Amino acid sequence: MRDDLVDGNQFPDIRLPEHTGKELSLGEVGRQQPLILAFVRGWWCPKEQIRLRNLVAAQDELQREYGRIAAVTVDGPYVNGAFRAGIGADFPFLSDAEREIAGDLDLLELTDELHRPFLPYTFVLDSNLIIRNVWCGFWYWGNPTIEELRLALREITRAEQPTFDPQRVWAGGGAAAPEAGIEGEIVWIRENSAGQELWRGVHEGEIPELGDELGRSVVDGRPWIVRDIERKNGRVGIHVRKEGKSGADPHRVGHHITVPRA
């Protein structure tokens with residue numbers, strides 16, 4: 001494994017084709033959420049089938065709001081698609097068939113001269129792709145358990161989201177300071193109508209103006225509108241609230257996100 005792939009360093013934002021052939025970067029897969037990144041030998045390995053089936057069994061929980069999952073193999077997109085469908089995975093399988101990423105990151109399993117697969121490493125990355133945990137499953141028991149992944153994602157969420165203790169934040173003024181939680185020079189802070197913080201993330205691009213729309217809710221389609229811009233200790237907090245009427249039947253709001261979108 002490359003020397004810089006250690007806790008506290010940013011993982012390279014690699015870009016590879018998924019099972020459809022469309023190229024995706026890790027940033028696109030993570031969508032500003034913690035990411036479980038599994039480098040996988042391939043469909044032919046019985047130990048890897050068990051490892052991935054365990055992830056599939058927990059995927060609804062792990063991907064609900066706590067994080068995302070991505071698998072990377074040396075198989076081509078067509079084989080990845082069949083493997084993904086066969087085990088019922090709804091997270092992307094990325095293809096490094098030329099072993100370029102495997103070579104660059106020094107993650108090839110050198111003892112398997114036939115398949116030249118990835119060593120079965122698992123990384124947990126935070127919302128900024130910073131490495132927080134690493135496991136090597138060359139021996140199967142080296143792989144993380146689902147409980148270890150739960151705990152890793154919990155600690156990232158605790159560090160990134162001040163509302164992990166929501167009542168403390170709300171009692172302290174509604175929203176935490178811009179420098180609290182997730183690392184970023186500019187952060188957006190989503191709030192309810194009373195200004196109580198829900199969650200936050202890193203803002204990319206220029207600082208918007210008051211009244212600008214900063215995305216739409218995936219639950220009810222309403223726009224997030226900038227209502228305050230706070231500057232404090234070298235950080236900027238963009239406070240946004242949902243406004244307007246929902247175009248959806250309130251009895252059906254959110255039903256389409258019961259299962260994570262592929």
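**A colleague's note on pockets, rings and charges**

1. Let's start with the largest pocket, which holds about 1500 Å³ of space. Its lining is made up of 43 residues, and those closest to the centre are Q33, R64, E65, R190 and W199. Please keep in mind throughout that this is a predicted model.

2. Which elements give two or more residues to that lining? They are α3 (59-64), α6 (146-160), β8 (186-191), β9 (197-202) and β10 (213-216). The largest share comes from α6, with seven residues. By class, the lining of the largest pocket has 18 nonpolar, ten polar and 15 charged residues.

3. The second largest pocket has a volume of about 210 Å³. It is lined by 14 residues, and G27, Q32, S127, N128 and E204 are the closest to its centre. Helix α1 (residues 26-30) provides the largest share of this lining, three residues. The class division here is three nonpolar, seven polar and four charged.

4. R190 deserves a second look if you have the largest pocket on screen. This residue is among the closest to the pocket centre, and its charged end sits over the ring of W188, 4.5 Å from the ring centre.

5. Now for the aromatic side chains. A pair of aromatic rings is described by the distance of the centres and the angle of the planes. Across the whole structure, a search finds ten aromatic pairs. One of these is F91 with F93: the ring centres are 5.6 Å apart and the planes meet at 20°, so the pair counts as stacked. Both F91 and F93 are buried.

6. Y140 and W141 also form an aromatic pair, and this one is edge-to-face, with 5.5 Å from centre to centre and 75° between the planes. Are these two residues buried or exposed? Y140 is partly exposed, at a relative accessible area of 22%, while W141 counts as exposed because its relative accessibility is 79%. In addition, ring pairs join F11, F39, F118, Y121 and F123 into a cluster.

7. On to the charged side chains. Side chains of opposite charge can pair when their charged atoms come close. How many salt bridges does a search of the whole structure find? The count is 17.

8. One salt bridge joins R158 to E155, with the closest N and O atoms 3.2 Å apart. Both residues lie in helix α6, three residues apart, which is about one turn of the helix. Helix α6 is also the element that gives seven residues to the lining of the largest pocket. R158 has a relative accessible area of 41% and is therefore partly exposed; E155, at 43%, is partly exposed too.

9. The side chains of R168 and D165 meet in another salt bridge, at 3.4 Å from N to O. R168 counts as exposed, with 52% relative accessibility, whereas D165 is partly exposed at 37%.

10. For a link between distant parts of the chain, look at R227 and E243. Their closest N and O atoms are 2.5 Å apart in a salt bridge. R227 is in strand β11 (residues 223-232), E243 is in the segment after β12 (235-242), and the two are 16 residues apart. R227 is partly exposed, at 42% relative accessible area, and E243 is partly exposed as well, at 27%.

11. There is also a network of salt bridges, which links R2, D4 and D104.

12. Finally, two backbone spots to check. R99 is not a glycine, yet its phi is positive, at about 65°. R99 is found in the loop between β5 (93-95) and α5 (100-104). With a relative accessibility of 18%, R99 counts as buried because the cut-off for buried is under 20%.

13. N233 is the other spot: its phi is also positive, about 50°, although N233 is not a glycine. Where does N233 lie? Its place is in the loop between β11 and β12. N233 has a relative accessible area of 62%, so it counts as exposed.

Note on methods
Residues are numbered from 1 along each chain as its sequence is written. This is a predicted model: local features need pLDDT of at least 70, side-chain atom pairs count only at pLDDT 80 or more; totals for chains, interfaces and linings use all residues. Side-chain values use heavy atoms; hydrogens and water are left out. On a 1 Å grid over the protein atoms alone, a cavity is a set of points where a 1.4 Å probe fits but cannot get out, and a pocket is an open set with protein on both sides within 12 Å along at least five of seven lines; lining residues have an atom within 4 Å of a point. Grid points are joined across faces, edges and corners, and a volume is the space filled by probe spheres set on the points. Helices (H or I, at least four residues) and strands (E, at least two) are DSSP runs, numbered from the N terminus. Ala, Val, Leu, Ile, Met, Phe, Trp, Tyr, Cys and Pro count as nonpolar, Asp, Glu, Lys and Arg as charged, and the others, Gly among them, as polar. Rings of Phe, Tyr and Trp (its six-membered ring) pair if their centres lie within 6.5 Å; planes under 30 degrees apart count as stacked, over 60 as edge-to-face and the rest as tilted. Buried means under 20% relative accessible area, exposed over 50%, partly exposed in between (1.4 Å probe, protein chains only). A charge sits over a ring if NZ of Lys or CZ of Arg is within 6 Å of the ring centre and within 35 degrees of the ring normal. A salt bridge is a side-chain nitrogen of Lys or Arg within 4 Å of a carboxyl oxygen of Asp or Glu.
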